[in-house]
Amino acid sequence: MPFDENTYLRIKKLLILKGIEFVDKKMFGGIAFMLNDKMCFGVMKEQIMLRVLDENYEALLHKNHFHTMDFTGKIMKGFLLIDQEAFVSDLALSEILDYGIEFSIKGVLKSKKNK
């Protein structure tokens, strides 16, 4: 199984309850959720992949079960992988999703020209 179906369904349910419009797409070997045309979070195997604002990135890395994402062999700053132990409850999952929702509202991806 490329991604955990239960985690996918839990995320989908919480987004619907929050009234958040989304599109889900298969990518990164899992499934990603697009909000405001931005990939904000997804499910890869049994982990959540989370896109966060730069100002939240370092602090979240210090939380238990939050890890850097090195999907391409190098660390992808702004992306985190989160183990299932961090989102056992729906409240914990909802709080994690809020970081991705915040990114979808405020985040702007930097173009290569602006780096």
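Which residues are exposed on the other side of helix H2? In this predicted model, the answer is Glu55 and Ala59, and the account below begins with that helix before turning to the strands, to one buried acidic residue and to several residues outside the strands.

**Helix H2 and its two sides**

Helix H2 spans residues 54-61, and within it Asn56, Tyr57 and Leu60 are buried. These buried residues cover an arc of only 115 degrees around the axis, which puts them on the same side of H2. Glu55 and Ala59, by contrast, are exposed on the other side of the helix. What covers the buried residues of H2 includes strand E5 (66-68) and strand E6 (79-82), together with helix H3 (90-106).

**Strands E1, E2 and E3**

Strand E2, made up of residues 30-35, has six of its six residues buried, so it is largely enclosed by the rest of the structure. Strand E1 (residues 23-27) is joined to E2 by five bridges, and these two strands run antiparallel. Within that pairing, Met27 stands opposite Gly30 in E2. E1 and E2 form a hairpin with two residues between them, and Phe28, which lies in the turn, has a positive phi of about 55 degrees.

E2 is also joined by five bridges to strand E3 (residues 38-44), and here too the arrangement is antiparallel. Leu35 stands opposite Lys38 in E3, and the hairpin that E2 and E3 form has two residues between the strands, with Asn36 in the turn showing a positive phi of about 50 degrees.

**Residues with a positive phi**

Most residues other than glycine have a negative phi. The table lists residues of this model for which a positive value is found, with the place of each.

| Residue | Place | Phi |
|---|---|---|
| Phe28 | turn of the E1 and E2 hairpin | about 55 degrees |
| Asn36 | turn of the E2 and E3 hairpin | about 50 degrees |
| Lys45 | loop between E3 and E4 | about 55 degrees |
| His65 | loop between H2 and E5 | near 75 degrees |

Lys45, which is not a glycine although its phi is positive, is located in the loop between E3 and strand E4 (47-51). With a relative accessible area of 62%, Lys45 is exposed. His65, another residue other than glycine with a positive phi, belongs to the loop that lies between H2 and E5, and its relative accessibility of 32% means that it counts as partly exposed.

**Asp4 and its surroundings**

Asp4 lies in the segment before helix H1 (5-18). Although Asp4 is buried, it has no salt bridge, and the nearest side chain of opposite charge, that of Arg10, is 6.8 Å away. A salt bridge would require a side-chain nitrogen of Lys or Arg within 4 Å of a carboxyl oxygen of Asp or Glu. The side chain of Asp4 does, however, make a polar contact with the side chain of Thr7, at 2.6 Å. Leaving aside residues up to four places away in sequence, Asp4 touches Val43, Lys45, Glu46 and Gln84; Lys45 is thus a neighbour of Asp4 as well as a residue with a positive phi.

**Leu9 in helix H1**

Leu9 is found in helix H1, where its relative accessibility of 42% places it among residues that count as partly exposed. Leu9 and Ile31 are separated by 22 residues in sequence, while their C-alpha atoms are 11 Å apart in space.

Key: Residues numbered from 1 in each chain as written. Predicted model: local features only at pLDDT ≥ 70, side-chain atom pairs only at ≥ 80, totals over all residues. Heavy atoms only, no water. Buried < 20%, exposed > 50% of the residue type's maximum accessible area, 1.4 Å probe, protein only. Helix = DSSP H or I, 4+ residues; strand = E, 2+ residues; numbered from the N terminus. Pairing = 2+ DSSP bridges. Lys, Arg positive; Asp, Glu negative; His and termini not counted. Polar contact = N/O pair within 3.5 Å; in protein donor to acceptor, adjacent residues only side chain to side chain. Contact = heavy atoms within 4.5 Å. Arc of directions from axis to C-beta.
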